[in-house]
Amino acid sequence: DHSLRRRRLIFSPVERPTMKTLAAALLTVLATTAAFTAVVAPRRHSPSSSSSSSALRTATEPAGMTFALDEEKNRLTVTPIESIDGTVTLPGSKSLSNRCLLLAALSEGTTRVENLLESDDIRYMLEALDALKVPVERDAEDKTAVTVTGQGGPIDSPTPEEALELFLGNAGTAMRPLAAALCMGRGKFVLDGVPRMRERPIADLIDGLQQLGAKVTCVEETGCPPVTIDADGLKSGSASISGKMSSQFLSSLLMASPAVDGEVKISIKDELISAPYVSLTIGLMKKFGVNVEIEGDMDGGTPSFTIGADEKYVSPDSILVEGDASSASYFLAGAAITGGTVTVRGCGSESVQGDVAFADVLEKMGATVTWAPESITVTRDPATKLRGVDVDCGKIPDAAMTLAVCALFAEGPMTIRNVYSWRLKETERMKAIVAECTKLGATVEEFDDYCIIHPPKDNKVNENVVIE
């Protein structure tokens, strides 16, 4: 249900595709007026990829764009458009979706969760809750809504006599929080995933759980899953963990702590990256009735967090998942690059997500940004060229990848700093950014936790490139 003009693509807010695959296609092809064709290879056997591909075909074919799906080679071929304009209603945030589901499962009462993102991470979390016998009712008329009957405390194994195995694919937003939460109940569990999951570190979280008294281990040689749990409930305690590798470890401990029988104190012993994601977690916990006491500075300090013994989750009855700010970055960047005007609805100046700060970086690059409580609008005067900037992306590591695409169309180099966490995600994102931007004609300098992207000459990207 899109409104389209030849060489101009206007998104109406009716359809809400899963955008991460869609973005790979759009932002590498629509942002140039030069003749350009890219071939985008989505993941095989992925519901998210297939729905995104379908949405992309629906959006682009009526616009007179060359668009072809080669199912045998698993490729989409797309030509560029001159401008992206319109309004996009965002799908639910991945980070918020799985947090909401877990807190609803731990709460007293029944919670309707709306605007869930349709993605692998959320599917694996829902399947895990099913396996744990947490009642989750799907809405037959709205596949982004479910009703969760909470356990009113820890989640115990439905198979106490034998270990319950949970396969979580490559879903970090399911693996880390569930590993912590299941330590608070009773039962034996094994949490595992795809080969890449077995390369993603979790040792800092395991260390914190062990300090609290949990019987939990990961693979000692790698510090990665599978995670083996022999849970018998936990009493009050304290833990000091590293926050340098991922904020998800702290968020996971925080979310699980109200299920402990007593007070829990968690402190950061070095530094805390991606602090906005921790603020997001604490804000969501408050919506479920739990207050977290914070001591120290979360921004560059070594803060500590206390969850009182009387803090327990209570259902808010219903909760709407905020639109995904990471997905917003793709369309906002499209407007900034092409000189169009795009409004994203679902997150804005009152958003709890740190990735909305991506719009501030676009403004530094030369775009014009207009904020409203629940929306962001970006445009750019064609007379003003985008310029490369040097930016610390420690608080926006997901949206920072979109900046790498913007760098292809900017004057001067773009330096993206403080993104070591890229190397620990579903893929090795630093290597992927370097490889794909290089294919498109950029020169990329790779360092341990940052990269410098020099755009192609005259900002003309290479044609007929395979983006994988």
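I'll start with T402, which sits in helix α11, residues 400–407. Before going further, note that this is a predicted model. T402 has a relative accessible area of 4%, and because buried means under 20%, T402 counts as buried. The side chain of T402 makes a polar contact with the side chain of S329, at 2.9 Å.

That takes us to helix α9, which covers residues 325–338. How many residues of α9 are buried? The count is 14 of 14, so the helix is mostly covered. From its first C-alpha to its last, α9 reaches 20 Å, close to the 20 Å expected for its 14 residues at 1.5 Å a residue. Just after α9 comes G339, with a positive phi of about 80°.

Next, helix α10, residues 358–365, where M365 is placed. The relative accessibility of M365 is 0%, so M365 counts as buried. M365 is 42 residues from A407 in sequence, and the two C-alphas are 9.6 Å apart in space.

Now to a strand pair. Strand β10 spans residues 164–167. In a regular strand the side chains alternate between the two faces of the sheet. Which residues of β10 are on the covered face, and which on the uncovered one? L164 and L166 make up the covered face, while E165 and F167 make up the uncovered one. Strand β11, residues 186–192, runs parallel to β10, and 4 bridges join the two. One of the pairings involves L164, whose bridge partner in β11 is F189. Between these strands the chain passes through helix α5, residues 172–182, and this β-α-β crossover is right-handed.

On to the backbone. Most residues other than glycine have a negative phi, and most peptide bonds are trans. There are some exceptions to show you here. Starting with the peptide bond, P225 and P226 are joined by a cis one, with omega at about 10°. P226 is placed in strand β13, residues 224–232.

For phi, look at the loop between β25, 451–454, and β26, 465–467, where D458 is placed. D458 is not a glycine, yet has a positive phi of about 60°. Is D458 buried or exposed? The relative accessibility is 59%, so D458 counts as exposed. N464 is also found in the loop between β25 and β26. N464 is not a glycine either, and its phi is positive, at about 55°. With a relative accessible area of 57%, N464 is exposed.

Last, the empty space inside. Rolling a probe the size of a water molecule over the atoms shows where empty space is left. How many cavities of 30 Å³ or more does the structure hold? There are 4 of them. I'll pick out the second largest, which holds about 70 Å³ of space. Its lining includes R176, R200 and P201, then M245, S246, Q248 and F249, and finally S421, L424 and K425. R176 in that lining falls within the residue range of α5, 172–182, the helix of the crossover from β10 to β11.

To recap, T402 in α11 has a side-chain polar contact with S329, β10 and β11 run parallel, and P225 and P226 are joined by a cis peptide bond. That's what I have.

Note on methods:
Residues are numbered from 1 along each chain as its sequence is written. Side-chain values use heavy atoms; hydrogens and water are left out. Buried means under 20% relative accessible area, exposed over 50%, partly exposed in between (1.4 Å probe, protein chains only). Two strands pair if DSSP finds at least two bridges between them. A crossover is right-handed if, with the strands pointing away from the viewer, the path from the first strand over the helix to the second runs clockwise. The expected span of a helix is 1.5 Å times one less than its number of residues. A polar contact is a pair of N or O atoms within 3.5 Å; within protein, one must be able to donate a hydrogen and the other to accept it, and residues adjacent in sequence count only if both atoms are side-chain atoms. On a 1 Å grid over the protein atoms alone, a cavity is a set of points where a 1.4 Å probe fits but cannot get out, and a pocket is an open set with protein on both sides within 12 Å along at least five of seven lines; lining residues have an atom within 4 Å of a point. Grid points are joined across faces, edges and corners, and a volume is the space filled by probe spheres set on the points.
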